[in-house]
Each structure stands twice: as structure tokens, then as C-alpha cells.
Amino acid sequence: MPRKSSFNVAVIGAGAIGHDHIRSFQQHPAARVTALAEVSPERGREAADAYNIPELVTDYRVLLKRADIDVISIALPNYLHASVALDALKAGKHVMVDKPMATNARDAAKLVATAKQKKLLLMVGQNARFTPEVQTARELVTQGVLGEVYHAKTAWTRRSGIPRIGSWFTQTKFAGGGCTYDIGVHALDRCLFLLGDFEPVAVSGQTFSKFGHRGLGEGQWGKSEIAAGKPFDVDDLSVALIKFKSGRTVLLEASWAAHQSQADYNGTQLFGTEAGLSLPPLQLFRPGKNGYVTESVNVATNLANANRMVHFIDCLLGNAKPYVQPEQSLAVQKILDGIYLSAKTGKEVRIK
Ligand SMILES: NC(=O)c1ccc[n+]([C@@H]2O[C@H](COP(=O)([O-])OP(=O)(O)OC[C@H]3O[C@@H](n4cnc5c(N)ncnc54)[C@H](O)[C@@H]3O)[C@@H](O)[C@H]2O)c1
């Protein structure tokens, strides 16, 4: 079958990140956002008008029946990611789903298998991989500048950054988990991508919930709903030690709220036999002629893969290889599951 030269995209969910999905696809000349599904008619109308989207529906299933729609882009609360993605894949659509891929590895594995069986593109919107610093750092790792990278520390920790306390974000039944699923997933995915290692074998983790249920630690991502008496029953800090088949280790930290020195830290450090690396800003640490040196690294510009949606369309056009592969996202999901299970059981969890 000849490759298509343009793609019709339907975005599902017009909340905070749905707008970004729409704008990002609209950056690609070969993509057209032709439809939007949103359960809130007002929110849907506002976005459809703002971005000139011709069709607006409240039930996404209507769009899955349409032969002219090629791509479904999912910007929904976490608990809907897997079911909507599975429906879309079964209907023959390529799928971009925002992170986390699912709320458990069993569902994530189903998505991976279905996409493979149907030969459809499935990608998780791990935008942290697409920054110039991360792409440049990955190049340094693959060139061997760091030698053997045997350990890494990665974190996204906020002092006061709980998204909308009381909303779906802070309820297990809708979000699956708290800061671990919301921002830990970015720090973890970025680190594994930098290492090029998606073969975890064990995880030991702990989760805490110390601020949100007291109405403390509110962030900037929309308005809190705590006054409405909605619960906060997820983690607002988590830590994990992850071991890999290679023998490598990764330390992960995530927090939405914590008494810490920086308001917001979102970075990764790699430890190699020849040099260390940290970002952001991108720096190398290694012995020089006159002692130990810290080197600033120029980050690449004019990146082909600067935006996850633009990249997704480039992949469909055959102009790029998927930068985020579904099997990699499944490995990340298994680690996230492992952190929660380890926290619950107090034991190290083996990952298969
Ligand atoms: N990649 C990133 O950096 C990033 C950043 C923020 C959020 N996210 C992810 O994006 C997703 C959405 O987050 P958000 O902040 O936009 O949430 P949000 O609550 O602002 O938006 C979700 C939207 O989905 C709509 N919706 C709910 N059920 C629906 C259904 N069945 N059909 C159609 N519409 C429905 C809601 O009405 C709402 O407008 C989450 O999974 C979140 O983790 C990713």
C-alpha cells in the first residue's frame, strides 16, 4: 500500500494538555486536526473555535468509526488512557497517548501487542526526551564519551506543585497514582532513554503522602478542588532504587510537595567510568590535564525531533524512526507498578 502524504488527526480531551496536542500537530504541514472529542461542551467549543477544528463531538467513539481519521491523540485523565487507546487501535487508528501509558502494566502490554499486531504507530508523549539537552546528552552517551555508564540519579521534585488538589489528578481511581505517575514518569523515562537501557529486573520503592491531604503543596496546574471535599489519596513523594539486567542502577525521586531547597528540580545525572554528566544545564565532569574539570556542553540546535507530535507525523511519513517505542514505555510502566507494589509490600519487586 502506498504511504499517505497527509494525516487527519482527532484529539480526545481539550483540557490543559489537549490544547498543546492540537497546537503541536498543527505545526506539521502534513497534519490536519479535523476533529475534537470533549465531554465538556463548553471546553470543547472553546478549543474547537480557537484552533478552527471543524468537528466537535462529546463521544470519542463516533470518531473511531470514521475512515477519514488516521490518528487519535489522547489527552485524557490517566484512567482512560489504556481503554481509549485500545479502542482506537482496534479501530485501525495510529495512537499518540499522553503519559503515563496506562495505570498498570497489564493494560500497557495489551496496547503494545495490539499496535504490533495491527502494524499501527503507538507512541507515549514523553516530551522530556525531546529537549535539546537530552538529545545532545544521548549522543554523548552513544559516542562513548562517558565510558561505561553504571549508575544514574534522576528526579523531578517540586516544593509545592500538586496539580489541582482534589481533582482527578489526586484520586487513585482516576489517576492510578500521584507524583510517581505524573512527573516521576518523565524523570524515569528520560533517564532510561539516556542510558539506552530498558531492561529493569528489580525495584525497591517507597511512597509518601504528607501534604496534599492537608490541603498543602498546591501547584500552578489549574485550580484546586479541595474545598469541594474531594479526596487526596495518592503519593506526593516517592523514591526508588531500580536495578537492571546490565547490573546498572538508577535512583529515582519524585515529589509534588516537599520541604526542599529548590522550588523545582527536574534533572538527571549519569555516572560513567570516564566521565559524569548532568542536566540541565548539560555539563560533563572529568579529569583534565590540570585537575578535575566541569565542562559546559553546547546543545544541538535545529533538531529534527524537537516536538513529539511533529515527530509522530514524521514517523508516519517514513521520515523518522520512533523516538519513543512502545516496548520502552511498557518497561517504564512496569517500574512504576513495581514502585507502588514495593511500597505496599515492603519488599523488593522482581520485574519480568
Ligand atoms: N506530557 C506532559 O508533559 C503532560 C503535561 C500535563 C498533563 N499530561 C497528561 O495529559 C493528560 C491530561 O491532563 P490535563 O492536565 O490536560 O487534564 P485535564 O483535566 O485538564 O483535561 C482532561 C480533559 O479530558 C476531558 N474528558 C474526560 N473524559 C473524557 C472523555 N471520555 N471523552 C472526552 N473528553 C473527556 C475532560 O473534560 C478534560 O477537559 C493526563 O494524563 C496528564 O498526565 C501530560
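The exercises below work through a predicted model, one part at a time.

Residues are numbered from 1 along each chain as its sequence is written. In this predicted model, local features need pLDDT of at least 70, side-chain atom pairs count only at pLDDT 80 or more, and totals for chains, interfaces and linings use all residues.

**Exercise 1. Find the domains and describe their contact.**

Step 1. Take the bounds, which come from an automatic or database domain assignment. Domain 1 covers 7-124 and domain 2 covers 129-303.

Step 2. Place them in space. Their C-alpha centres lie 26 Å apart.

Step 3. List who takes part in the contact (C-beta atoms, placed from the backbone, within 7 Å). Domain 1 gives seven residues and domain 2 gives 10 residues.

Step 4. Sort the domain 1 side by class. Ala, Val, Leu, Ile, Met, Phe, Trp, Tyr, Cys and Pro count as nonpolar, Asp, Glu, Lys and Arg as charged, and the others, Gly among them, as polar. That side has four nonpolar, two polar and one charged residues.

**Exercise 2. Describe the shell around the ligand.**

Step 1. Count the shell (C-beta atom, placed from the backbone, within 6 Å of the ligand). 23 residues surround the ligand, and the closest are Gly 13, Gly 15, Ala 16, Ile 17 and Asp 98.

Step 2. Sort them. The shell holds 11 nonpolar, seven polar and five charged residues.

Step 3. Look for helices. Helices (H or I, at least four residues) and strands (E, at least two) are DSSP runs, numbered from the N terminus. α1 (16-26) and α4 (78-90) each supply at least two shell residues. α1 gives the most, with three.

**Exercise 3. Show which sides of helix α6 are buried and exposed.**

Step 1. Apply the cut-offs: a residue is buried with 20 or more other C-beta atoms within 10 Å of its own, and exposed with 12 or fewer, all placed from the backbone. In α6 (residues 132-142), Glu 133, Val 134 and Ala 137 are buried.

Step 2. Look down the axis. The buried residues fall within an arc of 90°, so they line one face of the helix. The arc is taken over the directions from the helix axis to the C-beta atoms.

Step 3. Turn to the other face. Glu 139 and Thr 142 are exposed there.

Step 4. Find the cover. It includes α8 (179-195) and β12 (276-279).

**Exercise 4. Trace the sheet to its edges.**

Step 1. Read the order. Nine strands form an open, mixed sheet: β14-β13-β12-β11-β7-β10-β9-β8-β15. Strands pair if DSSP finds at least two bridges between them.

Step 2. Check the ends. β14 (291-296) and β15 (349-350) each have a single partner strand, so one side of each lacks a neighbour in the sheet.

Step 3. Inspect one pair. β8 (residues 200-208) and β15 are antiparallel, over two bridges. Val 203 has Val 349 of β15 as its bridge partner.

Methods. Contact = placed C-beta atoms within 7 Å. Near = placed C-beta within 6 Å.
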